[in-house]
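Here is a walk through one small protein chain and its metal site. Have a look at the fold before reading on.

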Amino acid sequence: MVWLCFLVDQRRKVRRSKPAAGTCSRCGGGASVADMMTQTRFCCVPFHYKCWKAIICTFCGATLKSYT
Ligand SMILES: [Zn+2]
């Protein structure tokens, strides 16, 4: 079943974001509230989507907080 790992991959996308109060603890950049989407693909065919909200850094892209 090891081969399965090479065929399945996950992609994280930011669907939209807007500025939020707060700064990044890593780089000090501005934070924003984002609608995130995780797409799981099998052989390049998306078969699962998961949408969630998160506070992310607009500068380095770090996830500061996530809401599931
Ligand atoms: Zn940052």
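Helices here are DSSP runs of H or I with at least four residues, strands are runs of E with at least two, and both are numbered from the N terminus. On that footing, the protein chain of this predicted model reads α-β-β-β-β along the sequence. In other words, there is one helix and there are four strands. The radius of gyration is 14 Å, well over the 11 Å that the globule rule gives for 68 residues, so the chain is more spread out than a compact globule.

**Overall build**

Taken along the principal axes, the box filled by the C-alpha atoms is roughly 45 × 20 × 15 Å. Of the 68 residues in the protein chain, 26% are buried. The accessible surface comes to about 5,000 Å², and carbon and sulfur atoms account for 59% of that. As for contacts between residues at least 6 apart in sequence, 39% of them join residues at least 24 apart.

**Two hairpins**

Let's take the strands in pairs. β1 and β2 run antiparallel to each other, paired over twelve bridges. Within that pairing, V14 sits opposite M36 of β2. The two strands make a hairpin with six residues between them, and G28 in the turn has a positive phi of about 80°.

Further along, β3 and β4 (residues 63-67) also pair in the antiparallel sense, over four bridges. Here I56 has T63 in β4 as its bridge partner. Five residues separate the strands in this hairpin, where G61 takes a positive phi near 80°.

One general point helps when you look along any of these strands: in a regular strand, side chains alternate between the two faces of the sheet.

**The zinc site**

Now for the metal. Which residues coordinate the zinc ion? The donors are the SG atoms of C24, C27, C57 and C60, at 2.3 to 2.4 Å. Along the chain, these donors follow the spacing C-x2-C-x29-C-x2-C. C24 lies in the loop between β1 (8-23) and β2, while C57 is in strand β3 (residues 45-57), so the pair ties together parts that are 33 residues apart in sequence.

Why call the arrangement tetrahedral? The four donor atoms subtend angles of 104 to 116° around the zinc ion, which makes it so. The test asks for all angles to lie between 85 and 135 degrees. For reference, ideal angles for four tetrahedral donors at a metal are 109.5 degrees.

Both C24 and C57 are buried. For C57 the relative accessibility is 2%, so C57 counts as buried, given that the cut-off is under 20%. Leaving aside neighbours within four places in sequence, C57 is in contact with C24, C27, G29, G30, A62 and L64. On the other hand, 17 Å separates the C-alpha atoms of C57 and T38, which are 19 residues apart along the chain.

**The loop between β2 and β3**

Two other cysteines deserve a look. C43 is in the loop between β2 and β3, and C44 has its place in that loop too. Each has a positive phi in a residue other than glycine: near 55° for C43 and near 70° for C44. Buried or exposed, where does C44 fall? With a relative accessibility of 60%, C44 counts as exposed, whereas C43, at 39%, counts as partly exposed. The C-alpha atoms of C44 and S17 are 26 Å apart, with their positions 27 residues apart along the chain.

Here are the accessibility values together, with R41 of strand β2 added.

| Residue | Relative accessibility | Class |
|---|---|---|
| R41 | 15% | buried |
| C43 | 39% | partly exposed |
| C44 | 60% | exposed |
| C57 | 2% | buried |

**A buried arginine**

R41 lies in strand β2 (residues 30-42). What does R41 touch, not counting residues up to four places away in sequence? The list is L7, V8, D9, R11, P46 and F47. R41 has a relative accessible area of 15% and is therefore buried.

Technical notes. Residues are numbered from 1 along each chain as its sequence is written. Side-chain values use heavy atoms; hydrogens and water are left out. Buried means under 20% relative accessible area, exposed over 50%, partly exposed in between (1.4 Å probe, protein chains only). Contact means heavy atoms within 4.5 Å. Donors are N, O and S atoms within 2.8 Å of the metal (3.2 Å for Na, K and Ca); water is not among the atoms, so sites may look incomplete. Four donors count as tetrahedral if all angles lie between 85 and 135 degrees; four count as square planar and six as octahedral if opposite donors are over 155 degrees apart and all others between 65 and 115; anything else is irregular. Two strands pair if DSSP finds at least two bridges between them. The radius of gyration is taken over C-alpha atoms; the globule rule is 2.2 Å times the number of residues to the power 0.38. Accessible areas come from the Shrake-Rupley method with a 1.4 Å probe; for residues, only the protein chains shown count as cover.
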